[in-house]
Each structure stands twice: as structure tokens, then as C-alpha cells.
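Hi,

Here is the structure I promised to pass on. Have a look at it first, then read my notes underneath.

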Amino acid sequence: MNIIVCMKQVIDLEQIRIKPNTREPVIEGLPLLFGDFEKCALEEAIRIKEVHGGKVTALAVGSPKLRDTIKEALAMGADEAIILIDPIFQDSDAMGSARVLARTIEKVGEYDLILLGDSSADEYSGEIPPRIAELLNLPQVGFVREIEVVADNDQMSEPKKIRVARDMEDSLEVIEVDLPAVIGVTSELNTPRLAPLSAILKASRKPMHEWRSDDIGVTAEEVGARASVVEMLSNLAPIQDRKGIIYQDVEEGVIEVIKALQQEGVLTQ
Amino acid sequence: MNFQLTEEQQMWRKTVHDFSEQEVKPRAAELDASAEFNAEAFQRMGPLGLLGMDIPEEYGGAGVDSLCSAIALEELGMACGGTALSVVAHNGLGCAPISLFGSEKQKRNWLPKLALGTDGLAALALTEPGTGSDLVGGVKTRAELEGDEWVINGSKAWITNAGVASLIVTLCRTDPSGGSRSLSQIVVPTKTQGLHIHPAEKKMGMRASPTNALTYENVRVPKDYLLGKMGRGLHQTLEILDGGRIGIGSISIGLAQAAINGAIGYAKERETFGVPLAQHQAIQWMIADAITQIEAARLLIYRAAWLKDCGNSFSKESAMAKLLATEMAEQVCRNAIQIHGAYGYSSEYPIERMYRDARLMTIGEGTSEIQRMVIAKRVLS
Ligand SMILES: Cc1cc2nc3c(=O)[nH]c(=O)nc-3n(C[C@H](O)[C@H](O)[C@H](O)COP(=O)(O)OP(=O)(O)OC[C@H]3O[C@@H](n4cnc5c(N)ncnc54)[C@H](O)[C@@H]3O)c2cc1C
């Protein structure tokens, strides 16, 4: 089974600080890495490959820093990587990014399954999986927290279906879907492995292709800032309004705090 | 000159960091209190490559440079000194002599299992109840050839990992007339009859790392368990210790870094005289000195590791690095406690554990005095 995993490099969210006076996040100079969602998608692809054979290709669009970041995907177990770096991709909206990914997937050609994070850890818009599916005319399932390959009766042939469990918060929806398909995964899917040292050291020996816009036939009219129809107006941390209640009397304070905790559901009545 | 770690080295640091945060740090306090070995973490270390850092790839190891092991030990040291000590002793003391001096057959026989840690770890037994620093003059454990077997009698003391080891590389006197060519290294599997491993020592720190005394009572092992050359035991040992010192220094840096990180966090929160501790100049200076010393020690350690990787002589440099890093760690942990005040003295906070752990580092694998002797000898010769 050939699996393509789309991976977005995001800034290390743990290191974001908020400017107290303007509420703007400070993101300049922060390290870029793969988020948990994309690592779960890759982990699942590797696990499927370990059982059913085939090839795992990691695919990422981003800044030149990707040449380094992508090695983590190769160290974890992707067989091959394709990275797309081009100034014209910059400031794409979700449509633009989906277009770049879809064109690349079309160019790769041979695939049975496309896995990616249901959302990205930074923007969390959740638009990419359905948009890619639309562009490639493929079935799509999101919020997936379990994937099972449905074995064919004829053991020798390639699996043609997968069964996935979709997280609906209060229930799990189980869906069977024909391959090829686009699957957006949640971080409940698995615990991504840590890459062993020997694999880290060998990662740069695995095939890595770097493509630009010409390679996949997209133009500045279709992607990037110019093609972007969604504009981000502001990106600020929410105002933190602390109530600042102070009880002078200990007896009263204890009673009120217990009440408040009960209201929040932290303590049961 | 390039002071930038490669992408692979940075990725490896992050991997070991994540592993340590998940598997090592959460249990450090508990294992210190109960003086227990973190067996579960060691099971997971094998597949990651942490138990094969001194083993070439063709024998199942990670086959990495010593800078990568320094980085890993620093990260493990930040999480739990004792666990890190067992890792460094396994790799640098136990596996390294087999990798460096073992025959093809010996390497095939022992290294792949040691790299995974499935049957247990490796240990190196030099120290004896009557001698530590003076191995040439003091080692009394004898090995005599009887037909096709070595017969070993004697005792060893303070042997890291002996209680969890599958084999112990033992420094024995093979020539009773003495001198620097009278010692040899012999591999003794721990299941061999006549080898008694005593209960773990009760220690001040590094309590998650088992340290045992051993008695060899007519222990018989095949003749070809001799490691390297007959009579070269002392030279082989000194070569191993040169490398091991980089590891001990790396753990010290981890301990110091963890202690000062804790102190920095605390100094920003705790207020005295109306301002956070971090705004008092006396506290700022302690922190500034600590960070400076840690960085200086780290550079010396990385340089010693780099020299080793380049195949240059690094004996003086590793002694200097170990001396500085271990003395620094003790000082930094001391000041981290000072910054914490009474809380630093409490086992509620991890700092006192780091202080106790750091205290070993100026003793094990050659005391600070011995490091100075090594350095002075090189400088004055
Ligand atoms: C937790 C722990 C783990 C250990 N793990 C191992 C292990 O795995 N394998 C192993 O073989 N050993 C191990 N050791 C032993 C350790 O290597 C020795 O303790 C160390 O080498 C010092 O030897 P000693 O204790 O016999 O001290 P001694 O050699 O008796 O020295 C006592 C003091 O005298 C000083 N001194 C000695 N000679 C001189 C001199 N010529 N000039 C100036 N000062 C001098 C020393 O620096 C020291 O301060 C371990 C020890 C501990 C505590």
C-alpha cells in the first residue's frame, strides 16, 4: 500500500510568548517542527506499511528550513520525502496550500491512501483534508482516531478498503471507505514513536526531492498571497480577565471556594 | 570553527529529551527514595539506541560519535542522575572495552545483546576494597590460567550496574610480579559459578543506579574471554577511562543545568522585600556565574568529544573537561539550593537530589585529584 503523508511544519507552540501590552504572539525566530497531528499521521502510515508493505512518502510545503525538519519524518520511518519550497507559495490561504498539495499528489501518481492531520496545530482551520479530497475527487473522512485495513478475501491482492472510527465526541462513527481516500486524523490515533539514533543518522541518506512551483505546474495566480481570498485581520491572545476576588474571612472564603469548585464541576456536590 | 550542532545532533537531543521527560524524569524522585533501578526505562532505551552508543552498527549498536553520546548523557542527567550513571557505565565502561579490544568472535557473541539490553547491562570492575586510584599498585584480584580456563579469585567494590549486568569486564592481575604490564581485562558473565554479587550499596546519591561489591571465588571462564592483549589491561583501562570521563562530565552538565533551571524558575516567582528574588543582584550573580560555568564546561566536554571523534589524543582534554564539569556541577547545585532557601533543602524539590547526585561526579572514574595528576603529567612531560 502506498501512503502519502502530508506534513506541515509549525512553530514550537510551547515556546510562544504573548506580548502583555499588545496581546500579540511573539513567533519570530521560534524553531519549526512537525506538530503532533502530522506525527500521528506518519506513525499510522508506518504501522500500516509494517503490516501490509508498500511505501510511505512524506510530503511538506514550507520554508527552506524544511530541508532540516523533514529529516525527522525520514528518521521516523518515511521511505522518501518530497518538499516544496518556493517563494510564490508564501502566504497562501487554505485553498492555495491545498492546491499545492493536490498537484504534488497528482504528480506522485501512485497512492492508495493520503493521511494528514485533521487540523494543524497552529491554525487549526481543518480545511486542508476536505479541500484536497475535493481537488482530487476522492472520498474523505475527518476526525479519525482509529484506522483498520480491511483485508481482501484474496490475500495476494492489495487491500481496497479501510475501516475508520470517527470521533464525534459523544460517540464513535465507524465508516468503511474505498481506497484511495483522504483521511484526516486526530492525535488520539496513536503515540508517535521516537526515532532511534541510528535512523536519525541515516535519515539524510534516504531520497529527498525538492520541488518548486514549475515542477508541479502551479502559478502565482493560483497560490500564494495573490490568490488568497481569505485574509487574516488579527491574531491576538484573548483578554484575560481575572476576577481577583479576595476573601478576608477564612471561614467564608473556604465555603465560597468550595461552592465555586462545585459549580465548575471540579468537586462533586 | 563551527559551534553549531548538526541537524541530526539537534534531532537526537530532542529525541532523548522527549524520552527523558516521558520515561525518566517522572520517576526520578521516587526511585531516588527507594533506591530502585528504572528497569522499564532501560527496556525502552535499547531500541532507541541509548544502550549501543559505544557499539558499532555491525554489532547492533547505534554506532555514533562521542558528541552524540555526550548530548544524550546531558539530557538523561537533567532528568535523573542515577539513571544516567547506569547508562554511561553500561556504554562507556562496560561495552566500550569489548568494542575496542574484543575479537570478532567476542564482539559477535556479546555486543548485539548488550545493545538491546535484553539479558542485562555491562559493567567494568576495576576498584577493589583496598584500592581505587592506584590500580597498578593495588589490584589484588588474581587470574591464573589452568588449562583452557582462567581461574579468578579476589574481590571488587563499588561496581556500577553489577546487580543488573549480564557480564562484568574485570581487571585482574595476571602476572604476580607486578608492574604496569601485569594486569589484564577478562570478561566474566554474571551467571558464572563462584561470582557473588553483594546487595546494592547504600549511597548518598545516584541511588537509582545499583552499585555492588563482588567476590570472585574460583570463578572459571574460558581462556578466550581475555579481552585484548594479556598484560595490556592497565593501558586498555586508561584508554576506556579517557572516554568515560567525557560521559561523567556530560551528566554533570545535565545535573547543573537542571538545578539552575529550577532555581531560575523559582527566583522569578518567590518574592522577598517586595520584589521577586530574581531582582536581587546577589541572586542574579549566582545565576549568571552558574550559566557561564555550565557553558564553559559544556564547551570543554564537546571539544574533548570532538577530539576523540577526530581520532586525536584527548586524554588531557577529557581530564580537564571532567575536572571542570564535575566541580562546577557541585558548585552550581549548591547555589541552586541557596537560591531556593529552605525549600532547596527539602526533598519536596528535586534540587537536593541533584546536589547529592552531583557529589559523586568528582569521585567516580578518577577523582578530581587524579584528573589534576593526569593534566599535570601531560603538561610537565
Ligand atoms: C557510586 C559509585 C560508582 C562507582 N562505579 C565504579 C565502577 O563501575 N567501576 C569501578 O571500577 N569503580 C567504580 N567506583 C569506584 C571509583 O572509581 C573510586 O571510588 C575512585 O576511583 C576513587 O578510588 P577510592 O574510592 O579507592 O579512593 P582512593 O584511591 O583511596 O582515594 C582517596 C582520596 O585520596 C585522593 N588521592 C589518592 N591518590 C592520590 C594522590 N596520588 N595524590 C593526591 N590525592 C590522591 C583521592 O583523590 C581521594 O580524594 C564507583 C564509586 C562510586 C562511589
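How many nonpolar, polar and charged residues does the shell around the ligand have? Before I answer, please keep in mind that this is a predicted model. The shell splits into 12 nonpolar, nine polar and three charged residues.

If you want to find your way around that shell, start with the residues that come nearest to the ligand. Of the 24 around it, those are Leu126(B), Gly132(B), Ser133(B), Thr367(B) and Glu369(B). Two or more residues of the shell come from each of these elements of chain B: the helices α4 (81–101) and α11 (368–380), plus the strands β1 (121–125) and β3 (149–160). In terms of domains, domain 2 (123–230) and domain 3 (234–380) of chain B each put at least three residues into the shell.

That brings me to how chain B is laid out. It's divided into domain 1 (7–120), domain 2 (123–230) and domain 3 (234–380). Take domains 1 and 3 of chain B: their C-alpha centres are 21 Å apart. The contact between them uses 24 residues from domain 1 and 24 residues from domain 3. On the domain 1 side, α1, α3 (66–79) and α4 of chain B supply at least two residues each. That side of domain 1 is made up of 14 nonpolar, six polar and four charged residues.

Next, a helix I'd like you to look at: α7 of chain B, which covers residues 233–269. Does its length agree with what you'd expect, or disagree? At 1.5 Å a residue, its 37 residues should span 54 Å, and the C-alpha atoms at its two ends are 54 Å apart, so the two agree. There is a bend in α7(B) all the same, of about 25°, at Gly243(B). Is this helix largely enclosed or largely open? Since 29 of the 37 residues of α7(B) are buried, the rest of the structure largely encloses it.

Here's a single residue to practise on. Leu307(B) sits in helix α8 (residues 281–310) of chain B. Would you call it buried, partly exposed or exposed? It has 19 C-beta neighbours inside 10 Å, and a residue needs 20 or more to be buried, so Leu307(B) counts as partly exposed. Leaving out residues up to four places away in sequence, Leu307(B) touches Asn312(B), Phe314(B) and Glu317(B). Of these, Glu317(B) is 10 residues away from Leu307(B) in sequence, with 8.4 Å between their C-alpha atoms.

Now for the other chain. Chain A has eight helices and 13 strands, and its C-alpha atoms fill a box of roughly 75 × 45 × 40 Å along the principal axes. Of the 269 residues in chain A, 37% are buried. If you take the contacts in chain A with a separation of 6 or more, 69% of them are between residues 24 or more positions apart.

Last, the place where the chains meet. The contact takes 11 residues from chain A and 15 residues from chain B. On the chain B side, α1 (7–34) and α2 (39–48) are the elements that give two or more residues, and α1(B) gives the most, with seven. By class, that side of chain B has eight nonpolar, three polar and four charged residues.

Cheers

Methods:
Residues are numbered from 1 along each chain as its sequence is written. Chains are lettered from A and ligands numbered from 1 in the order in which they are written. This is a predicted model: local features need pLDDT of at least 70, side-chain atom pairs count only at pLDDT 80 or more; totals for chains, interfaces and linings use all residues. A residue is near a molecule or strand if its C-beta atom, placed from the backbone, lies within 6 Å of it. Helices (H or I, at least four residues) and strands (E, at least two) are DSSP runs, numbered from the N terminus. Ala, Val, Leu, Ile, Met, Phe, Trp, Tyr, Cys and Pro count as nonpolar, Asp, Glu, Lys and Arg as charged, and the others, Gly among them, as polar. Domain bounds come from an automatic or database domain assignment. The expected span of a helix is 1.5 Å times one less than its number of residues. The bend at a residue is the angle between axes fitted to the seven residues ending there and the seven starting there. A residue is buried if 20 or more other C-beta atoms lie within 10 Å of its own, exposed if 12 or fewer, and partly exposed in between; C-beta atoms are placed from the backbone. Two residues are in contact if their C-beta atoms, placed from the backbone, lie within 7 Å.
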